[in-house]
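I opened the model to look up how its residues are covered or exposed, and I note below what I found.

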Amino acid sequence: MVLNTFLLAVASLLHIIITAYTWIIIAAALVSWVNPDPYNKIVQLLYRITNPAYELVRKTRIPTVFGGIDIAPIIVLLALQFLDMFLVGILVGIAG
């Protein structure tokens with residue numbers, strides 16, 4: 001009973017974190033389209049939070065730039081959605 005509740009709480013927390021990071025990546029991608037002020041604190045924060053994930057994708061041998069468009073954010077979003085469905089699903093399944 002206690003373990004089930006704990007696993008459900010961990011699954012819910014993981015889902016919230018993944019969803020929040022997904023929205024941060026979407027915001028950073030939208031901001032990058034409008035040529036933002038690089039000295040803006042919000043822009044700096046968005047880039048500081050998202051660049052580590054982008055760099056992980058760029059270090060692989062997967063090409064991330066097609067026609068001048070960087071698809072690293074899309075790859076990260078797909079990976080986040082996979083983790084959300086897979087890990088959270090497993091935790092809920094174990095708890096249920």
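I looked up Leu83 first and found it partly exposed at a relative accessible area of 34%, where buried means under 20%, exposed over 50% and partly exposed in between (1.4 Å probe, protein chains only). The model is predicted, so I kept in mind that local features need pLDDT of at least 70 and side-chain atom pairs count only at pLDDT 80 or more, while totals for chains, interfaces and linings use all residues. Residues are numbered from 1 along each chain as its sequence is written, and side-chain values use heavy atoms, with hydrogens and water left out.

Leu83 lies in helix 3 (residues 72-95); helices (H or I, at least four residues) and strands (E, at least two) are DSSP runs numbered from the N terminus. I checked the span of helix 3: its 24 residues should cover 34 Å at 1.5 Å a residue, and its end C-alpha atoms are 34 Å apart, which agrees; the expected span is 1.5 Å times one less than the number of residues.

I then listed the buried residues of helix 3, among them Val76, Leu80, Asp84 and Val88, and noted that their cover includes helix 1 (2-32), helix 2 (41-59) and strand 2 (69-70).

In helix 1 I looked up Thr22, which is buried at a relative accessible area of 11% and touches Leu77, Leu80 and Gln81, leaving aside residues up to four places away in sequence; contact means heavy atoms within 4.5 Å.

Last came Asn35, in the loop between helix 1 and helix 2, which has a positive phi of about 55° although it is not a glycine, and which counts as exposed at 67% relative accessibility.
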